[in-house]
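Good morning, and thank you for making time for this presentation. Please keep the structure on screen in view while I speak.

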Amino acid sequence: MRALLIDDERLARAELRRLLAAHPEVEIVGEAVNAADGVQQIAALKPDLIFLDVQMPGGSGFDMLAALEEAPEVIFTTAFDQYALQAFEVNALDYLQKPIQATRMAAALQRCRARYQRITSGGVAPTAVRKLFIKDGERCWFVPVQDIRLFESDGNYTRVYFEHQQPLMLRSLNQLEEKLDPERFFRANRRHIVNLDFVEQVEPNEAGGLDLTLRDQLQVEVSRRRAAQFKALTSL
């Protein structure tokens with residue numbers, strides 16, 4: 001995996017390099033010293049994995065991830081274990097408390113490797129986003145896109161439905177649609193994009209469109225204009 005180190009402390013970055021020297025499967029492709037630098041380096045280098053400090057001048061690691069179009073795999077490195085536990089109580093991100101132990105580094109890399117393989121083998125189109133980082137207040141999630149059943153427009157925000165969560169993310173539905181796999185995600189109407197893998201029932205409605213029932217009984221209407229496109233895409 002190609003890794004980027006993001007930490008404002010030079011000694012902390014040097015320590016990460018020392019620990020990662022024992023893992024030849026990880027190639028360090030660059031370093032960044034703050035959140036803004038991290039956003040630029042991620043766009044330029046496109047790493048598979050980033051080691052990210054929580055507290056940095058000019059913006060936290062959470063803020064940096066929320067600004068990305070697509071988040072790579074993330075291992076947080078922080079001296080604030082209690083803060084990290086509270087922030088990640090509902091998501092799948094890993095974190096390492098400084099000073100980082102070699103055994104904890106190895107375990108974190110093993111989990112990230114397994115997660116990366118699961119996501120990349122999920123049948124996602126090569127140019128489509130595979131994963132989203134969602135920050136809603138103090139709560140954060142790191143979500144494989146294939147696990148999201150519905151996107152719902154809410155003004156300048158989009159509500160994201162996955163597992164038992166429905167957080168808001170500061171991104172419009174049109175912005176998200178450009179990044180999603182069109183073979184899996186269907187724009188049902190002006191307010192909804194639905195994951196076709198979660199559709200359990202399809203019925204015609206009186207308006208000439210379709211009513212979709214998702215796996216969790218969520219109801220989504222396909223507009224009359226988009227009904228023919230839905231039928232062609234799903235071979236109905």
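F151 has I193 of β12 as its bridge partner. This pair belongs to the contact between β8 and β12, which run antiparallel and are joined by three bridges. I should say at once that we are looking at a predicted model.

Let us stay with β8, which spans residues 148-154. Of its seven residues, six are buried, so the strand is mostly covered when buried is taken as under 20% relative accessible area. β8 also pairs with β9, residues 157-162, in the antiparallel sense, here over six bridges. Within that pairing, S153 is placed opposite T158 of β9. The connection between β8 and β9 is a hairpin with two residues between the strands. In that turn, G155 has a positive phi of about 70°.

Where does β8 sit in the sheet as a whole? The open sheet has five strands, ordered β10-β9-β8-β12-β11, and the pairing is antiparallel. As general background, the strands of a sheet pair through backbone hydrogen bonds, in either a parallel or an antiparallel arrangement. The edges here are formed by β10, residues 168-169, and β11, residues 185-187, each of which pairs on one side only. β11 is joined to β12, residues 192-195, by three antiparallel bridges. One of the residue pairs here is F186 with V194 of β12.

β12 also contains N195, which merits a moment of its own. Is N195 buried or exposed? N195 counts as buried because its relative accessible area is 0%, against a limit of under 20%. A polar atom of the N195 side chain lies 3.0 Å from the backbone nitrogen of D197. Beyond its neighbours within four places in sequence, N195 is in contact with V145, Q146, I148, R149, R184 and F185.

I turn now to the nonpolar core. As a general point, nonpolar side chains in soluble globular proteins tend to be buried together. In this model the largest nonpolar core comprises 20 residues, and I6, I50, L52, M64, L65 and F76 have the most contacts inside it. Which elements supply this core with at least two residues each? They are β1 (2-6), α2 (35-45), β3 (49-53), α3 (61-66), β4 (73-78) and β7 (139-144). The greatest contribution is that of α3, with three residues. L52 illustrates the packing: setting aside residues up to four places away in sequence, L52 touches I6, G61, M64, L65, V74, I75, F76 and T77.

The next element is helix α7, residues 224-234. Here R226, A227 and F230 are buried. Why do these three count as lying on the same side of α7? They do so because the arc they cover around the axis is only 120°. In general, an α-helix has 3.6 residues a turn, so residues three or four places apart point the same way. On the other side of α7, the exposed residues are R225, A228 and A232. The cover over the buried residues of α7 includes β11, β13 (199-204), β14 (210-214) and β15 (219-222). β11 therefore appears twice in this account, as an edge strand of the sheet and as part of the cover over α7. Just after the helix, S235 adopts a positive phi of about 60°.

For contrast with the buried positions, consider R104 in helix α5, residues 102-120. R104 counts as partly exposed because its relative accessibility is 31%, which falls between the limits of 20% and 50%. Apart from neighbours within four places in sequence, R104 is in contact with D94, Y95, L96 and R111.

A word on cysteines may be of use at the bench. A disulfide is, in general, a covalent bond between the sulfur atoms of two cysteines. How many disulfides does a search of the whole structure find? The count is zero. C112 is counted as buried because its relative accessibility is 0%, and C140 is likewise buried, at 1%.

Finally, the overall figures. The protein chain has seven helices and 15 strands. Of its 236 residues, 48% count as buried. Among contacts between residues at least 6 apart in sequence, 52% join residues at least 24 apart.

Definitions and conventions:
Residues are numbered from 1 along each chain as its sequence is written. This is a predicted model: local features need pLDDT of at least 70, side-chain atom pairs count only at pLDDT 80 or more; totals for chains, interfaces and linings use all residues. Side-chain values use heavy atoms; hydrogens and water are left out. Two strands pair if DSSP finds at least two bridges between them. Helices (H or I, at least four residues) and strands (E, at least two) are DSSP runs, numbered from the N terminus. A disulfide is a pair of cysteine sulfur atoms within 2.5 Å. Buried means under 20% relative accessible area, exposed over 50%, partly exposed in between (1.4 Å probe, protein chains only). A nonpolar core is a set of buried Ala, Val, Leu, Ile, Met, Phe, Trp, Tyr and Cys residues joined through side-chain atoms within 4.5 Å. Contact means heavy atoms within 4.5 Å. A polar contact is a pair of N or O atoms within 3.5 Å; within protein, one must be able to donate a hydrogen and the other to accept it, and residues adjacent in sequence count only if both atoms are side-chain atoms. The arc is that of the directions from the helix axis to the C-beta atoms.
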